[in-house]
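The exercises below concern the protein shown here. Each task is followed by a solution that proceeds step by step.

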Amino acid sequence: MSLIEPTTISRLTDRHIGSPEEVVPAGSRREARDGAVLWWGTADTPGPPQVVSAGLPTPITVAVSPVRPGHTVAVEYRSNGGPVRRTIAFPVPGLHNATLLPGQPSGLVEFLPVLRFAGQPISPRLTEAVDCPRYQVGGVASPVPTASAAPPATAGSSATPKVELAGKPRWDWSAKFLWTGSIGIRKEVIGGVPDGLRINWYFTEGRFVGPDHEGVVLPGGGDFMRIRQDGIGVVNVVTEFLQTRTGARLYCSYGGMFDLGPDGYARALPDDFDAFPPFVTSPTYTTADKELAWLNRAQCPGLGRVDTKAMRIESDVYIVSVGGRKDAG
């Protein structure tokens, strides 16, 4: 299970960078009170282009080192000097760190990634910044502080960013529907702990059906979830067991986000949940069955909603394939 806002996707990285001062542009780097560093605007963590089209979501890539338990990232932003809003980042296994700010109709957008610990900001916020990164929606670009300095070139790379990194997708991709599923769940409340509210959701039984495969979800798996104070449930499905109609068995694991709303944490404490909160996950499968060995190489997104009254997970699962370059030929 898991959920995110449609315009918010992000992942932290624990990549050790040694001396951040030497590789990250000064305007694209912030230090947190616990000694961690977050940065964006480098070759592998690109920031937004200077000018974006009206109404289009704007990608921002953020990295953190070192990552500690309880760390989360939010990107605060404001359009044309208006109120400060934010999007919450979350881990997406196997993908680059990417945050999408909602599309704006026009004007100047200022933004700043903020590192949070246990729901509280521990790095400078947008309202505290004297000079913050920005981009123009439509029209002519305004100066963008994060683009004023580029990281020094390393072996096998160029110091000048290529045009293909200017906020445009480079790769074709496709998604194929795999199957839809329904799983019964049983709740076990652990309670409030230092890093959130812990609830285990055990899988009792279930079924999945697709164009080519169908079967049952065996009992014994579960989601060992932590609900953060911002109302996001962090999905941690260590085991889910599936058996096809032909007898093949699949081992599944995944993470993701389960969105209970801004007041979800406070409501979850007295066991008050919305009827159908949504989730997004990223399952992977392992099997010894030769006919299904291709699933061992598949990265799948899953999405759906939880029926909290009937205690059932209703989900659809897809397989994502990466194609060639969009500009090839």
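Helices, of at least four residues, and strands, of at least two, are DSSP runs numbered from the N terminus. The model to which these numbers apply is predicted.

**Exercise 1. Determine how many helices and strands the protein has, and what percentage of its residues count as buried.**

Solution.
Step 1. Counting the elements gives two helices and 20 strands.
Step 2. A residue is buried when its relative accessible area is under 20%. By this cut-off, 44% of the 329 residues are buried.
Step 3. Among contacts between residues at least 6 apart in sequence, 64% join residues at least 24 apart.

**Exercise 2. Establish which strands pair with strand 16, and in which sense.**

Solution.
Step 1. Begin with strand 15, which pairs with strand 16 in the antiparallel sense over ten bridges. Within strand 16, Met-257 is the residue opposite Val-234.
Step 2. Examine the turn of this hairpin. Four residues lie between strand 15 and strand 16, and Gly-247 takes a positive phi near 100°.
Step 3. Turn to strand 18, residues 284-287, where four bridges to strand 16 are found, again in an antiparallel arrangement. Here Thr-284 is the bridge partner of Ser-253.
Step 4. Add strand 17, which is joined to strand 16 by three bridges in the antiparallel sense. Phe-279 of strand 17 stands opposite Phe-258.
Step 5. Consider burial. Strand 16 is largely enclosed by the rest of the structure, because eight of its eleven residues are buried.

**Exercise 3. Describe the largest cavity: what is its volume, and which residues and elements line it?**

Solution.
Step 1. Count the cavities of 30 Å³ or more: the structure holds one.
Step 2. The volume of the largest cavity is about 180 Å³.
Step 3. The lining consists of 21 residues, of which Ile-183, Glu-240, Tyr-254, Ser-315 and Val-317 are the closest to the centre.
Step 4. Assign the lining to elements. Those giving two or more residues are strand 12 (171-193), strand 13 (196-209), strand 15 (232-244), strand 16 (249-259), strand 17 (278-281) and strand 20 (312-325). Strand 12 contributes the largest share, five residues.
Step 5. Sort the lining by character: 13 residues are nonpolar, six are polar and two are charged.

**Exercise 4. Identify the residues that touch the most other members of the largest nonpolar core, and the elements that supply at least two residues each.**

Solution.
Step 1. Recall a general tendency: in soluble globular proteins, nonpolar side chains tend to be buried together.
Step 2. The largest nonpolar core has 34 residues, and those touching the most other members are Leu-178, Trp-179, Ile-227, Leu-242, Tyr-285 and Leu-295.
Step 3. At least two residues of this core come from each of strand 12, strand 13, strand 14 (214-227), strand 15, strand 16, helix 2 (264-268) and strand 20. Strand 13 gives the most, with five residues.
Step 4. Follow one member. Leaving aside residues up to four places away in sequence, Leu-295 touches Leu-178, Trp-179, Leu-250, Tyr-285 and Ile-319.
Step 5. A second, separate core contains 21 residues, including Trp-40, Ile-60, Val-109 and Leu-115.

**Exercise 5. Locate the cis peptide bond from Ser-65 to Pro-66, and the loops that hold Asp-271 and Met-311.**

Solution.
Step 1. State the expectation: most residues other than glycine have a negative phi, and most peptide bonds are trans.
Step 2. The bond from Ser-65 to Pro-66 is cis, with omega near -10°. Pro-66 lies in the loop between strand 5 (63-65) and strand 6 (71-79).
Step 3. Asp-271, although not a glycine, has a positive phi of about 70°. This residue is placed in the loop between helix 2 and strand 17. Asp-271 counts as partly exposed because its relative accessibility is 47%.
Step 4. Met-311 likewise has a positive phi, near 60°, and belongs to the loop between strand 19 (302-307) and strand 20. With a relative accessible area of 22%, Met-311 is partly exposed.

**Exercise 6. Describe the hairpin of strand 6 and strand 7.**

Solution.
Step 1. Strand 6 and strand 7 (residues 85-88) run antiparallel and are joined by four bridges.
Step 2. Arg-86 in strand 7 is the bridge partner of Glu-76.
Step 3. Five residues lie between the strands, and Asn-80 takes a positive phi near 55°.

Methods: Residues numbered from 1 in each chain as written. Predicted model: local features only at pLDDT ≥ 70, side-chain atom pairs only at ≥ 80, totals over all residues. Heavy atoms only, no water. 1 Å grid on protein atoms, 1.4 Å probe; cavity = no way out; pocket = protein on both sides within 12 Å on 5 of 7 lines; lining within 4 Å. Points joined across faces, edges and corners; volume = space filled by probe spheres on them. Nonpolar A, V, L, I, M, F, W, Y, C, P; charged D, E, K, R; others polar. Buried < 20%, exposed > 50% of the residue type's maximum accessible area, 1.4 Å probe, protein only. Pairing = 2+ DSSP bridges. Core = buried A, V, L, I, M, F, W, Y, C linked by side-chain atoms within 4.5 Å. Contact = heavy atoms within 4.5 Å.
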